[in-house]
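Please open the model in a viewer that can select residues by number and display side chains. The stops below are meant to be followed in order.

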Amino acid sequence: MIYLITGENQFRVDEALADKTSKADEVERLDGAALTREALSTALFSVSLFATQRVVIIDELSKQKSLWEALPEIISDVPSVDVIFHEPRPDKRLKTYKWLTKAATVIDCSHLLASDAHAAEKWLVGYAKEQGVELASAQARDMVARAQRADANSSKPIIDQQLLAMAVSQLRSADNVTDDMIDAVLVPSVYENVFTLLGAALDGRSDGAARQIAHMRQTEEPHMVLGLLASQLTQLAALFLAGPDESIEAVAKASGAHPYALRSMQKYNSRLTADTLSRYVELIIAADAQIKTSSVDPWTALDVALMKIALENHR
């Protein structure tokens, strides 16, 4: 059998590899970037005297363009072993990829997106139960929100299943999981921190916004925070423009936002107008321009913009 594992979700990659090698007598893992054609052929077609079921894992063979292009010719016959090609980010335009999608069983190990939060929560509850950890649905929702991070390539918000699995592992010794325990093993993500910051400003709590900025100064990068503020204001605008009759799930799918975040933003809809939303976006744009064109401290520029939003909402 030939398998092609794609995607950069390491947790799902590890699960797929464990599943496909569980019955093997012998597993060989090769660095595709360092293989020669002769070594590749030997690995695929040699017969072991001691192993009745061999599995060969080849990581990122596509880094060798000439060898990758020759792969269909090399595997003209069915290999004598099960072979797994692991290609985190294959170029889907190339002939070899297209050939493999027909010749191999493709296993997609892409990251879950923020809009997949409901599926992630369901998975987390089930996975935790398998590990002997009981999680309430609210706890799973909180943990999934904390496990958001920016994808290294697209910068889109994704849900880090590896991080969640590590947190579950640390909770295995607990008879009863408490919120304090979750706080100890899984700190809020930058997305959650930015949401808290924006929420404080929209609630008119200038002191809360100031405290959050002071906290984030120690751990976050201001340019990323600025970008996330702009993104969350865009999501708020999407929710506002969709109107009260559109479901949260539909808005989340269209905008790529976390449904939990959108639900939390709903309370601001009745206070907002198109003019106020436009003004808030302009304040963030002005802060961005000031940071890029002057020597002002980025956090100070952010602070000023958010204090203006908070003062406008102070009641």
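Select Asp288 and Lys292 and display their side chains: the two form a salt bridge in this predicted model, with 3.1 Å between the closest N and O atoms. Both residues belong to helix H15 (residues 274-293), where they stand four residues apart, about one turn of the helix. An α-helix has 3.6 residues a turn, so residues three or four places apart point the same way. Colour the pair by accessibility next. Asp288 is partly exposed, at a relative accessible area of 25%, whereas Lys292, at 63%, counts as exposed.

**Further salt bridges**

The structure holds 18 salt bridges in total. For the next one, select Glu26 and Arg54, whose side chains meet at 3.1 Å, N to O. Glu26 lies in strand E2 (residues 26-31) and Arg54 in strand E3 (residues 54-59), so this salt bridge ties together parts that are 28 residues apart in sequence. Which of the two categories, buried or partly exposed, applies to Arg54? With a relative accessible area of 8%, Arg54 is buried, because the cut-off for that class is under 20%. Its partner Glu26, at 30%, counts as partly exposed.

Move on to Arg149 and Asp160, which form a salt bridge with the closest N and O atoms 2.9 Å apart. This pair links distant parts of the chain: Arg149 is in strand E7 (residues 148-150), and Asp160, eleven residues away, is in the loop between strand E8 and helix H8 (161-171). Asp160 is buried at 13% relative accessible area, while Arg149 is partly exposed at 31%.

To finish this part, select Asp203, Arg205, Lys267 and Arg271 together. These four residues are linked in a network of salt bridges.

**The largest pocket**

Where should the view be centred for the largest pocket? Select Leu113, Asp151, Ser154, Lys156 and Ile158, which lie nearest its centre among the 26 lining residues. The space in this pocket amounts to about 540 Å³. Now highlight strand E8 (157-159), helix H12 (222-242) and helix H13 (248-255), each of which supplies at least two residues of the lining. H12 gives the largest share, with three residues. Colouring the lining of this pocket by class will show seven nonpolar, twelve polar and seven charged residues.

**The second largest pocket**

The second largest pocket holds about 250 Å³ of space. Select Gln148, Tyr191, Phe195, Gln232 and Ala261, the closest to its centre of the 18 residues that line this pocket. Helix H10 (190-202), H12 and helix H14 (259-265) are the elements that give two or more residues to the lining. The same colouring by class gives ten nonpolar, seven polar and one charged for the second largest pocket.

**The enclosed cavity**

Rolling a probe the size of a water molecule over the atoms shows where empty space is left. How many cavities of 30 Å³ or more does the structure hold? There is one cavity of that size, and the largest cavity has a volume of about 30 Å³. To find this cavity, select Phe195, Leu198, Gly199, Leu202, Met265 and Tyr268, which line it. The largest share of the lining, four residues, comes from H10. By class, five of the lining residues are nonpolar and one is polar, with no charged residues.

**Ser264 and helix H1**

From the cavity, select Ser264, which is found in helix H14. Ser264 is partly exposed, with a relative accessible area of 22%. Draw a distance from the C-alpha atom of Ser264 to that of Arg211: the separation is 20 Å, and the two residues are 53 residues apart along the chain.

The last stop is helix H1 (residues 10-21). How far apart are the end C-alpha atoms of H1? They are 16 Å apart, which agrees with the 16 Å that its twelve residues should span at 1.5 Å a residue. Then select Phe11, Val13, Ala16, Leu17 and Thr21, residues of H1 that are buried.

Technical notes: Residues are numbered from 1 along each chain as its sequence is written. This is a predicted model: local features need pLDDT of at least 70, side-chain atom pairs count only at pLDDT 80 or more; totals for chains, interfaces and linings use all residues. Side-chain values use heavy atoms; hydrogens and water are left out. On a 1 Å grid over the protein atoms alone, a cavity is a set of points where a 1.4 Å probe fits but cannot get out, and a pocket is an open set with protein on both sides within 12 Å along at least five of seven lines; lining residues have an atom within 4 Å of a point. Grid points are joined across faces, edges and corners, and a volume is the space filled by probe spheres set on the points. Ala, Val, Leu, Ile, Met, Phe, Trp, Tyr, Cys and Pro count as nonpolar, Asp, Glu, Lys and Arg as charged, and the others, Gly among them, as polar. The expected span of a helix is 1.5 Å times one less than its number of residues. Buried means under 20% relative accessible area, exposed over 50%, partly exposed in between (1.4 Å probe, protein chains only).
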